[in-house]
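Thanks for asking me to look over this model with you. My notes follow as numbered points, so you can keep the structure open and check each one as you read.

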Amino acid sequence: MDETLNLWAAIIGAGIVTYAIRLSFILAMERLTMPDWFRNALRFAPAAVLSAIVLPALFAGVTPSAPVNPQLIAGACAILVAWRTRNVLLTVLAGMAVFLLLQQGLGWS
């Protein structure tokens with residue numbers, strides 16, 4: 001019983017801390033003015049975060065003996081579709097279709 005209560009207390013505490021951190025930035029941004037160079041740099045933050053999440057997964061199975069893997073090919077196809085169409089749904093569907101085709105259809109793993 002004590003472990004369950006501690007777990008719930010930890011979850012609620014983490015939620016409160018996370019909410020307070022986010023709220024502090026929202027409240028601070030109303031009162032502070034940011035320089036233009038900083039605002040311009042913030043525009044690239046989502047792309048940088050997404051790249052930091054996706055790129056390690058794409059290159060996870062790449063070794064000198066097996067330089068190509070299904071994740072890398074599917075990622076390259078998704079990048080090509082995103083570049084040509086700028087459609088997020090189509091990009092995800094194309095990447096997943098290529099990945100499933102290579103993995104299930106051709107047996108690449």
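1. Leaving aside its neighbours within four places in sequence, which residues is Ala-78 in contact with? Please keep in mind throughout that this is a predicted model. The contacts of Ala-78, beyond those sequence neighbours within four places, are Thr-91 and Gly-95. Ala-78 itself belongs to helix H4. Its relative accessibility is 16%, and because buried means under 20%, Ala-78 counts as buried. If you would like a distance to check on screen, try the C-alpha atoms of Ala-78 and Val-88: they are separated by 9.5 Å, with the two residues ten apart along the chain.

2. Let us follow that contact to its other partner. Thr-91 sits in helix H5, so with Ala-78 in helix H4 the contact joins residues of two helices, as the helix assignments show. Not counting residues up to four places away in sequence, Thr-91 touches Val-81, Ala-82 and Thr-85 as well as Ala-78. Thr-91 is also buried, at 14% relative accessibility. Its side chain has a polar partner too: it reaches the backbone oxygen of Asn-87 at 2.6 Å.

3. Now for the largest pocket, where Ala-78 turns up again. The volume of this pocket is about 510 Å³. Its lining is made up of 17 residues, and those nearest the centre are Leu-50, Val-54, Leu-58, Ala-78 and Ile-79. Three elements each give two or more residues to the lining: helix H3 (45-58), helix H4 (70-85) and helix H5 (88-105). Of these, H3 gives the most, with seven residues.

4. What kinds of residue line the largest pocket: nonpolar, polar or charged? Twelve are nonpolar and five are polar, while no charged residue is found in the lining. For a bench reader, this is a handy list to colour by residue class while looking at the model.

5. Asn-69 deserves a look of its own. You will find it in the loop between H3 and H4. Is Asn-69 buried or exposed? At 4% relative accessibility, Asn-69 counts as buried, because the cut-off for that word is under 20%. The side chain of Asn-69 reaches the backbone nitrogen of Leu-72 at 2.7 Å. Setting aside neighbours within four places in sequence, Asn-69 is in contact with Leu-58, Gly-61 and Val-62. Leu-58 is also one of the residues nearest the centre of the largest pocket.

6. The other loop to check is the one between H4 and H5, which holds Arg-86. Arg-86 is not a glycine, yet it has a positive phi of about 60°. Arg-86 counts as exposed, at 73% relative accessibility.

7. How many aromatic pairs does the structure hold? There is one, formed by Trp-37 and Phe-38. The arrangement is edge-to-face, with 5.7 Å centre to centre and 80° between the planes. Trp-37 has a relative accessibility of 62% and counts as exposed. Phe-38, at 33%, counts as partly exposed.

8. Some further places on helix H5 are worth marking. Leu-101 is found in this helix, and with a relative accessible area of 54% it is exposed. The C-alpha atoms of Leu-101 and Pro-70 are separated by 9.0 Å, and the two residues lie 31 apart along the chain. Ala-97 is in helix H5 too, but at 45% relative accessibility it counts as partly exposed. From Ala-97 to Gln-71, 26 residues apart along the chain, the C-alpha atoms are separated by 11 Å.

9. One last point takes us back to helix H3, where Leu-55 lies. Why is Leu-55 described as partly exposed? Its relative accessible area is 39%, and partly exposed covers values between the under 20% of buried and the over 50% of exposed. The C-alpha atoms of Leu-55 and Thr-91 are separated by 16 Å, for two residues 36 apart along the chain.

Conventions: Residues numbered from 1 in each chain as written. Predicted model: local features only at pLDDT ≥ 70, side-chain atom pairs only at ≥ 80, totals over all residues. Heavy atoms only, no water. 1 Å grid on protein atoms, 1.4 Å probe; cavity = no way out; pocket = protein on both sides within 12 Å on 5 of 7 lines; lining within 4 Å. Points joined across faces, edges and corners; volume = space filled by probe spheres on them. Helix = DSSP H or I, 4+ residues; strand = E, 2+ residues; numbered from the N terminus. Nonpolar A, V, L, I, M, F, W, Y, C, P; charged D, E, K, R; others polar. Buried < 20%, exposed > 50% of the residue type's maximum accessible area, 1.4 Å probe, protein only. Polar contact = N/O pair within 3.5 Å; in protein donor to acceptor, adjacent residues only side chain to side chain. Contact = heavy atoms within 4.5 Å. Phe/Tyr/Trp six-rings, centres within 6.5 Å; stacked < 30°, edge-to-face > 60°.
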